[in-house]
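This report goes through the chains, their contacts and a few local backbone features. The structure is shown first.

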Amino acid sequence: MDSSLFQLLDYGVYGTAILVMLIGLYGALVKKSLLKVVIGLSVMESGLNLLIVALGYLKGGTAPIFSDGFLNGTNKVMVDPVPQALVLTAIVIGFGVTAVALSLVIRLYRHHGTLNIDEIKNLKW
Amino acid sequence: MKKVIVFLLLATLGVYLAITFFNIGFGDPHFVNGVKDFYLKETVENLHVSNTVTSIVVNFRGFDTLGEVTVLFLAVTALGSILYKKRHEVGARSVLFSSSSVVTAGSKLLFPAVILLGVYVFIHGHLSPGGGFQGGVIIATGFLLMLLAYENYSVSHTWLSIVESLAGITFAGVGLLGFMNGGTFLQNFLPTGVLNNLFSGGVIPIIYIAVGFKVAAELTGVIYTVLHEKGVK
Amino acid sequence: MVGTPVLFVAIPLLAAFLIPLLGMIWKELVRIVPGLVLIYLMVLSVNLLNHVLVNGPIVEVIAGWAPPFGINLVFSAFSGFLVTLMVFLGLIVWIYSYRFKRNVGFEPAKKYFLLLMMLVTGAVGIVLTGDIFNMFVFIEITGISGYALTAFYTGRDSAEASFKYLMLGSIASTLLLLAIMILYSQLGTLNMAEIATKIHTVKPAYKVISLILFITALGIEAEIFPLNGWAPDAYAEAPGPVGAAFAGIVVKASVYAIIRYIYTIFDISGAYDFLIIIGMVTLIIAEFAAIRQEKLKRMLAYSSIGQMGLVLVAFGFGTKEGVFAALFLMLNHAIIKSLLFLSGSYLVYNSKDKTIAEVNGMHKFLPITSFLFALGAFAIVGLPPFAGFWSKLSVLTAAADSHMLFVMSLILMVSVVELVYYLRVVNRIYFFKKEESVEAKKPTFNALIAMLVLGALILVIGFYPDVITGVIHKASADLMDKTKYINDVLSIKQ
Amino acid sequence: METFSIIFAIFLGGAVLTYFAGKLSSVVQDILFLATVLVPTYLFFSGVSIGSSMPFSLEGISLLWGVNHFGWLFSLIVLGLGSLAAVYSVGYMKGKERRGYFYLNFVLSVMSMLGIVISQDLISFFIFWEIMTWSSYLMVIYSGNDVQRIGIKYFVFSAIGAYAMLMAIVIVHSVTHTFFIEDMIQAYGQMSLQLQIWIPILFLLAFAVKAAMMPLHVWAPGAYSNAPMAYTSLFSGALSKMGVYGMVIILVTMVNRLPQGILFREVLAWLGGITAAMGTLWAIKQDDAKKLLAYSSVAQLGYIIVGVSIGTELAMMAGLFLAVMHALFKGTLFMVVGAIEKQTGTTNFTEVTGLIRKMPWTFFAALMGIIALAGIPPLGGFIGKWMLYESLITSDHYLLVILIFFSSTAAFLYCYKFLFGFFLGQEEKEWAHVKEAPATMVVPMVLMGIFMVVLGTFPGIVLNPINNGLMDLGYVDSYKHLWETSIIFNSWGDHVILQPILYSIMGIFIFFLIFVLWKGYKGTRYVTTKDISSSGEVPKEDENLTFSVGFMQPFMRAVAPVMRRQMDKYYTGFANGLEGLFDFVRRIYTGNAQTYAVYVVVFIVIVLLFKDVLF
Amino acid sequence: MIYFVLIAFLLLLMIAAAIYSISQKDLLYATLATGIISLVLSILFYLLQAPDVALTEAAIGVALTTIIFLITIRNTVRFENDEDNFKSEVK
């Protein structure tokens, strides 16, 4: 096993998470379709969730569940459970927000007949 | 032009974020004396819950979970409010695809199993991975299956909201009971039992079951509401 | 002791879950129950505030875990003051909207009052909580209620406004989570007081980046200038009373969050100057944009943004006088801007485009509403002897004490701009000929009561500010005393 | 000091009651209104002794109300003119709409002006100042004409002034940590030179706006002529004097202590002189009596500013005496215009003529006012002007004397126009039905006319309080020295007692007045305007041949180059530019949700890039 | 080594799916790509010792979110550009 490869992996998880976040944000900022914007936002949230869970990871740690095997075993390192709990909350909240966003998309489509964000700007200045 | 600007901006932002997180480091302990050690210790020793994530979500940070359930509840309410139509405007619900008899029969067969799985997941939330959210979502997917397979399958809105309300009241009520018994909101007032037993963890399973029902009802409500919306040009 | 802070969250949540059931029993209950809850919270907050002013802050732990481990709620003079203000405004908005748009059906009414109550609860939770992730949850509760209330009317534009709000809100919550996680990764705790004790051990690079992310995320809700694109649309398209709730409750909570981070949690002194800069920019841009608005509520929205900028400037002085001025300004702004939104929405009740031109000559048909709008306009530009004057005076005094003469002169110049656009509207109400096409709508009795209460408060505070300044002094002293906050929270034992 | 509280309680309560009494009956409203103004006036002059004070505190700020001699002098103007104008208003407002609104704001104006003169601390001073501003603003827009332009202009200028003052107040507070005027004056000596210069400038900006000094006068003509005349008499007579009041205090307590070489007073005096000259020229050009008097007010305040900013004892006395006289005669003249407006419906010279027989008492008041305004010997205006010239010459401001002399000579032109245009000349058939104004309007006017005569003969009635007031401000007791002896002594090298001369001039004047009125009334012949022919041509009916048409064309041509530049245009251009900027600014909000989101990213990136500078 | 390759593959897959979901004009495929992101994410969570989160993400991200996106697409339009939508309707 090459340790430098694992080194790369260290950067890889964070890098992927940030990259996915930014890709999602880019989609939300640039794409013209409202649905694409919502997709972008949800991609961004995925990246964020990965980032948070990765922050709580400990090398060689196990899942924070005290099964019988764990209690008898020798390895006592566990990954940080707090970020996992937070991500759990964040995922559910993110789902709620996405649902509301999609309902707004449907509403806007009902009124405008299009999802082009450039045409949906009656409110300005 | 705009794309290039946005790209450059995001690249700059990304560089800053990357530098920050690369410096933080992956997989190393970042801090000493964090609260997690306390959580890991207390979960086993006092709460007698095996799944630390569950104990955090339901007990240590139970307030967050209450808020989170509320967010879902509000999302359902918001959905209903945003997509509100007067009664005469409500049309038939949309169908994603017309399903063959294999699908319908399969769904019917699968539905009880899915529900059972969901119930299992949230009842064992404090012992194994999974819990109220996961179980609730699984139950909701069960209903989703039925909604997709059968054009005429419908869920009673009244029952959904009754289940949802009762589950919510159970959660808040258990919290208030703790408030009355032990002095603080959401405090455990039941015996915690033996580690790795089904009946352990004090109020945690009760709350998680309530959460499970609530999430199931809410998510079913979300799907149901959205399905009933047909785009009108 | 009459109760504990957790009831501010528990009771409304319980009621929220109950309301769908109660609605099946008697339809009117969905309107009444949120009001009863708000009345209860009002009584509770006044009692607790009285208690806190004498005996010092109440720190309540949840689930029986002492502060660094469990979530805790802090009801101190500072947070208690804001909570009381928010609950009061929520109550006023409830009274006002009890029969607002009577023609809406049962289902929308149920959702409206439920969401309104949760909006208040979320904001109160933001203020009370002592845990940064819990604050995120409450921000989301407030946010979702806000999105739904913005899109409450079934018209075309309200959904657009709501979508803008939601889009920026989602970005805000992402940034907020990032910031929380950066802090957590360094300190391993989410408790504000413990972070505050340990923050000096964090490397400046992490500290600064997480502060920037916090300010950006919370600034979106607090309507700081480049981040407030959603605000005018949301204010203008939401139902009138909801606009009042946004101005009086949601924004206040977000400003509280920013202030808590800068004053208590972080120890970065440059943040104060940064507050002054962004506050001034917000103030100037918003007031400039307001003067050329065609829609009444949009104008009020920009004015509200500007006032929040001024609040941030006052907080940015970092002195006790500055905090006092900012809190006083928040109080006055909450009362006065709510009055303007509430009366303004009757002035343009029946008009199609809600433009300023459509309020012409309304005073003959809506004498009391027009008078209250004019009173609010006079008060918000800071003319004595109305409430706004005292807060403006204290802001300026604080600025002068910090030797910020340039800031002071800019504030005064912008005040002239503000004066012009408010007077233009008041002149239109009183001296212009009424548009034939617009039919005036008499305010209902309960709406009138709500507006009159606010109007009376403006006069009372204007003539005798001492009724409220004692509390504000204590609240500002409470915010300034960081070590006391930390001790109060961390001294709780299991 | 209980009386202060009672007085202000009556004012406030009475104002509100009066407003709502309109719902009951108009007579009750009138009576309540009169009581609200007159009772506190009586209480003030009977119950408040000079030197009494009332300390209290509000919002943790210690405040102090009190009366000194100087304030008492101005309270005399405010309450005296206020009472008379109140009586006049009852007649003037009969049958007009928005009576409650008028009465409310009238009372608030009087109250706030009284408040200004009794405030011994800066906060109550500012509060009353602002109440005065908005109540007068509400009066300016009373008629609803052109409110968005005239009203807003007035308020914007006032607000700029007031905010400058507020800035000065808080700067002072940051140094002294109290708001007492006394403390400010004491601490002023220890401030840095920069503050010592800026604080008076900021204060004077506020006062100069209210006193309508060039170049901040552009609001005045519109505002004065747009307000109801019953109020304008108070507005021009008393309210503008509040600017003078403040100016005197600042000049005496601050500017006097500035180091040599700072030409504060000179600049102010010259601005005052230019105001006087330009105001006079513009007044001559007007065809509308309201506008004419408005510009004339601007000009007269210019004299007063010259007087108080020169700042010698004599000049100060002259300025204050002129201020009192201006309150009297400009109050009277605006009342006269109000009476004419009420009876004929117009105030244009080219339309109304020959009212002398129809409205003899009004004519008497107008005559007195005009004589006083023009500064012709027997009435008070003369004495004031005399003292002003005297003081300017003794302090070596020769150029300024020429300017003042020019403008007061030119003032004759508009005085003449005013008197002749309305009252003399041929009677038009159109105005045959016009009757004298009702008694409630005539009595105050005539009373004020008589006051002016009395003051012209016995100037000591006013000069004594002025002298006391000046002593309060730190001047030496100069009344005897300056007035009873020196003026005459200095000018002619002899010691002559002035008083007997005044008596005799007055006697002759009254004799001639009675003679002319009596004789003139009998011995004139009735002719109409069109009762003439020139070059064998008889004018047509619709030709306007009133005396005032094209009045003083040659003179106006001569001064045309001076008048071409209007301050107003510059301000309007500036305001339009600003509106353009505002319109540009609001386009930041493009309406596109993605743009807003990009703003968020831009914000973060900018802050991140500059994080080392910012944090 | 397999562990490494697996993780690297998943990370690359996630990035690819993200790019695909953003750049794809057909919203149906874009939505499916977000489903793939969630699926990969769920596996990654499992590998990062977070089974609870993995379960939640699998249920919510893969199933529910994708389904409501699909329903929304069904109720509105399928393509990002209005022209494509027009074409698909004509067919």
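The model is predicted, and every value below is computed from it.

**Chain D**

Chain D contains 24 helices and two strands. Of its 615 residues, 53% count as buried. Among the contacts in chain D that link residues at least 6 apart in sequence, 79% join residues at least 24 apart.

The two strands pair with each other: β1(D), residues 53–58, and β2(D), residues 61–66, run in the antiparallel sense over six bridges. One of the bridge partners is Leu63(D) in β2(D), which is matched with Phe56(D). The hairpin of β1(D) and β2(D) has two residues between the strands, and Glu59(D) takes a positive phi near 50 degrees there. Strand β2(D) is mostly covered, with five of its six residues buried.

**Contacts between chains**

In the contact of chain B with chain A, 47 residues come from chain B and 41 residues from chain A. On the side of chain B that touches chain A, at least two residues each are supplied by α1 (2–24), α2 (35–47), α3 (52–60), α4 (62–82) and α8 (204–227) of chain B. The element that gives the most to this side is α1(B), with eleven residues. Sorted by class, the side of chain B that touches chain A holds 30 nonpolar, nine polar and eight charged residues.

Chain B also meets chain C, where 46 residues of chain C are in contact with 45 residues of chain B. On the side of chain C that touches chain B, two or more residues come from each of α1 (7–25), β1 (58–61), α4 (106–128), α5 (132–150), α6 (156–187) and α8 (204–221) of chain C. Helix α5(C) gives the most to that side, with ten residues. The residues on the side of chain C that touches chain B divide into 33 nonpolar, nine polar and four charged.

Which chains does chain E not touch? Chain C and chain E do not touch, and their nearest C-alpha atoms are 15 Å apart. Chain D and chain E do not touch either, and their nearest C-alpha atoms are 15 Å apart.

**A helix pair between chains A and E**

Helix α4(A), residues 81–112, packs with α3(E) at an angle of about 5 degrees, and the axes are 10 Å apart. Angles under 35 degrees count as roughly parallel, so α4(A) is roughly parallel to α3(E). Residues of α4(A) in this contact include Val87(A), Leu88(A), Ile91(A), Phe95(A) and Leu102(A). Among those they meet in α3(E) are Val53(E), Ile60(E), Leu64(E), Ile68(E) and Phe69(E). The contact of α4(A) with α3(E) has 14 nonpolar, six polar and two charged residues.

**A helix in chain C**

Helix α11(C) covers residues 270–291. At 1.5 Å a residue, its 22 residues should span 32 Å, and the end C-alpha atoms are 32 Å apart, which agrees. Of the 22 residues of α11(C), 16 are buried, so the helix is largely enclosed by the rest of the structure.

**Backbone exceptions**

Most residues other than glycine have a negative phi, and most peptide bonds are trans. Two cis peptide bonds are listed here.

| Cis peptide bond | Omega |
|---|---|
| Pro384(C) to Pro385(C) | about 5 degrees |
| Met214(D) to Pro215(D) | near -5 degrees |

Pro385(C) lies in the loop between α14 (367–380) and α15 (387–401) of chain C. Pro215(D) is placed in the loop between α8 (193–210) and α9 (219–226) of chain D.

His177(D) is not a glycine, yet it has a positive phi of about 65 degrees. His177(D) is found in the loop between α6 (147–176) and α7 (181–188) of chain D. Is His177(D) buried or exposed? With 11 other C-beta atoms within 10 Å, His177(D) is exposed, because a residue with 12 or fewer such neighbours counts as exposed.

Gln49(E) likewise has a positive phi of about 65 degrees although it is not a glycine. The loop that holds Gln49(E) runs between α2 (27–47) and α3 (51–75) of chain E. Gln49(E) has 23 C-beta neighbours inside 10 Å and therefore counts as buried, the cut-off being 20 or more.

Technical notes
Residues numbered from 1 in each chain as written. Chains lettered and ligands numbered in written order. Predicted model: local features only at pLDDT ≥ 70, side-chain atom pairs only at ≥ 80, totals over all residues. Helix = DSSP H or I, 4+ residues; strand = E, 2+ residues; numbered from the N terminus. Contact = placed C-beta atoms within 7 Å. Nonpolar A, V, L, I, M, F, W, Y, C, P; charged D, E, K, R; others polar. Expected span 1.5 Å × (residues − 1). Axes fitted to C-alpha atoms, helices over the stretch in contact; angles between N-to-C directions. Parallel < 35°, antiparallel > 145°, perpendicular 65-115°, else oblique. Pairing = 2+ DSSP bridges.
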